[in-house]
Amino acid sequence: MKIGYACLALAVPGSEMKSCTLKNAARDRLLSLTEYNLDALAHLIDYNIRNGILLFRISSDLIPFGSATAKDLPWERIFASKLTAIGQKFQNSGMRVSMHPGQYTVLNSPDESVARRSVEDLLYHDKVLSSLGLGREHKIVLHLGGAYGDKTQAKARFISRYRELNPSVRSRLVLENDDRLFHIGDVLETAGAEGVPVIFDTLHNSANPCDTSVSDADWIRRCSSTWLEDDGPQKIHYSQQHPDRKPGAHSESIGIDAFLKLYHQLAGIDLDIMLEVKDKNLSALKCINTVSNRGMSALETEWGRYKYSVLEHSPALYQGIRTLLKDKSEYPALEMYHMVEEAMGSPLLPGTAVNAAQHVWGYFRNSASESEQARFQNALGKFAAGESDLQPVKNLLNRLAKKYNENYLLNAYYFSI
DNA sequence: TGACGTCAAGATCCG
DNA sequence: CGGATCTTGACGTCA
């Protein structure tokens, strides 16, 4: 069982990818961005390993315009040593990775040029994974595509295009149910005919159900037979509905109780769970730390990252978690995350937000210049007076954290959630 | 023709 | 000038 997150992480300095617009996509620019992004990826993988996160989706933006403008740049040769080094990190840690072309990669399009570019895009994704030395259990996740008014014909067109793909792409491809057109029944039918493994996406299934009398756990069991030995363990996508947004929109964070409910129904299945959620690595760590005992130090590290976020919402819960973690003989992960969720779900009051900002300011009180002091007091005063929101205060503190290299703060979630 | 979704680049505004 | 805040880009399908 591995639990992971997609593409980018919050509060991991040095892991941010860069891109550019098409009109600036000259060869040199693309190569320097690629080099930068490979270094960022290496940082992110190191973070994942340090934190016991062994499932990860690599961003398609790793090589900017990798399937079009940069298609013929020999990046895999130019950066062979960097790619090999990253591949070694996966190998040594046992990390499983995947990639997921976006909604604009449509293999079954009736437009031949769209389909052709989709094939190029799949070749690009396969080239990234192969250049990292990764085997076929490291998957490329795709949706069936468009319906064009005739789902039966659209499925048939997917199958015939799939058969024309090169063997390496085909060996990595897995199909996922989407949130509007092709539900899990469509995907099982289409993929089943071709021996393509199926990823069950819980939120897509609730937005676009096939049969509401079948539970998530049952759909997952039905998909398990599509995963053969060489494909690695079955994978699913797990996410929760955003409370205020339209059906299918991902939540800010994974609610731990709902996650555990499904998790316990899946006991005994060898399953990898990709979380799709706004707070990315934060929810991955929450789930990982809750389902296995990773030691008190792991919880203390997490608390260090959450503490100022909790403090600004609720001093009472801040004190409560401090007390909870004093007993070193226990592993109160679930209780801690319950309290974190309760705090983050409560409204941000100006008084407690000012208090938390002053705590963070304490890191710079002695080192900050006079003008920095004045700017902080000015920004905080404006917020306290209701003349602006908190973001300028946090931006200022974030800049100071970078300038004075306060790593404890740079790794905290305070600037990210 | 706009919405959809995603994120950062790029542009512009502001003190 | 640096920083904050808006707008654009890049993709294809569907209403």
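Tutor: A definition to start: Ala, Val, Leu, Ile, Met, Phe, Trp, Tyr, Cys and Pro count as nonpolar, Asp, Glu, Lys and Arg as charged, and the others, Gly among them, as polar. Keep in mind also that this is a predicted model.

Student: OK. How do the residues of the surface near DNA strand C divide?

Tutor: Eight are nonpolar, four are polar and four are charged.

Student: Which of the residues around strand C come nearest?

Tutor: There are 16 residues around DNA strand C, and the nearest are Leu22, Tyr104, Arg117, Ala147 and Tyr148. Of the strand C atoms that come within 4 Å of the protein, sugar and phosphate account for 74%.

Student: Which side chains have a polar atom by a phosphate oxygen there, and at what distance?

Tutor: Tyr148 has a side-chain N or O atom 2.3 Å from a phosphate oxygen of DNA strand C. For Arg117, a polar side-chain atom lies 2.5 Å from a phosphate oxygen of that strand. In Arg399, a side-chain N or O atom is 2.7 Å from a phosphate oxygen of strand C.

Student: Which elements give two or more residues to that surface?

Tutor: Helices α4 (112-131) and α17 (391-403) do.

Student: Now the other strand. How many residues surround DNA strand B, and which are closest?

Tutor: Strand B is surrounded by 13 residues, and the closest are Ser19, Thr21, Asn24, Tyr104 and Lys278. The surface near strand B divides into three nonpolar, five polar and five charged residues.

Student: What part of strand B does Tyr104 have a polar side-chain atom next to?

Tutor: A base nitrogen, at 3.0 Å. Lys278 has a side-chain N or O atom 3.1 Å from a phosphate oxygen of DNA strand B. With Thr21, the partner is again a phosphate oxygen of strand B, 3.3 Å from a polar side-chain atom.

Student: What share of the strand B atoms within 4 Å of the protein belongs to sugar or phosphate?

Tutor: 74%, and the rest belong to bases.

Student: Back to the protein. Where does Leu123 lie, and is it buried or exposed?

Tutor: Leu123 lies in helix α4. Its relative accessible area is 32%, so Leu123 counts as partly exposed; buried would need a value under 20% and exposed one over 50%.

Student: What is Leu123 in contact with, leaving aside its neighbours within four places in sequence?

Tutor: Asn166 and Val169. Ser168 is 45 residues from Leu123 in sequence, yet their C-alpha atoms are 8.7 Å apart in space.

Student: New topic. How many disulfides are there?

Tutor: The structure holds zero.

Student: Why is Cys7 not in one?

Tutor: Because the closest cysteine sulfur, in Cys287, is 18 Å from the sulfur of Cys7, which is too far for a bond. The cut-off for a disulfide is 2.5 Å between the sulfur atoms. Cys210 is in no disulfide either, with the nearest cysteine sulfur, in Cys223, 10 Å away.

Student: Last one, the whole chain. How many helices and strands are in chain A?

Tutor: Chain A has 18 helices and eight strands. Its radius of gyration is 23 Å, close to the 22 Å from the globule rule for 417 residues, so chain A is as compact as a globular protein of that length.

Student: And what share of the residues in chain A is buried?

Tutor: Buried residues make up 52% of the 417. For contacts in chain A between residues at least 6 apart in sequence, 75% join residues at least 24 apart.

How values were computed:
Residues are numbered from 1 along each chain as its sequence is written. Chains are lettered from A and ligands numbered from 1 in the order in which they are written. This is a predicted model: local features need pLDDT of at least 70, side-chain atom pairs count only at pLDDT 80 or more; totals for chains, interfaces and linings use all residues. Side-chain values use heavy atoms; hydrogens and water are left out. A residue is near a molecule or strand if one of its heavy atoms lies within 4 Å of it. A polar contact is a pair of N or O atoms within 3.5 Å; within protein, one must be able to donate a hydrogen and the other to accept it, and residues adjacent in sequence count only if both atoms are side-chain atoms. Helices (H or I, at least four residues) and strands (E, at least two) are DSSP runs, numbered from the N terminus. Buried means under 20% relative accessible area, exposed over 50%, partly exposed in between (1.4 Å probe, protein chains only). Contact means heavy atoms within 4.5 Å. The radius of gyration is taken over C-alpha atoms; the globule rule is 2.2 Å times the number of residues to the power 0.38.
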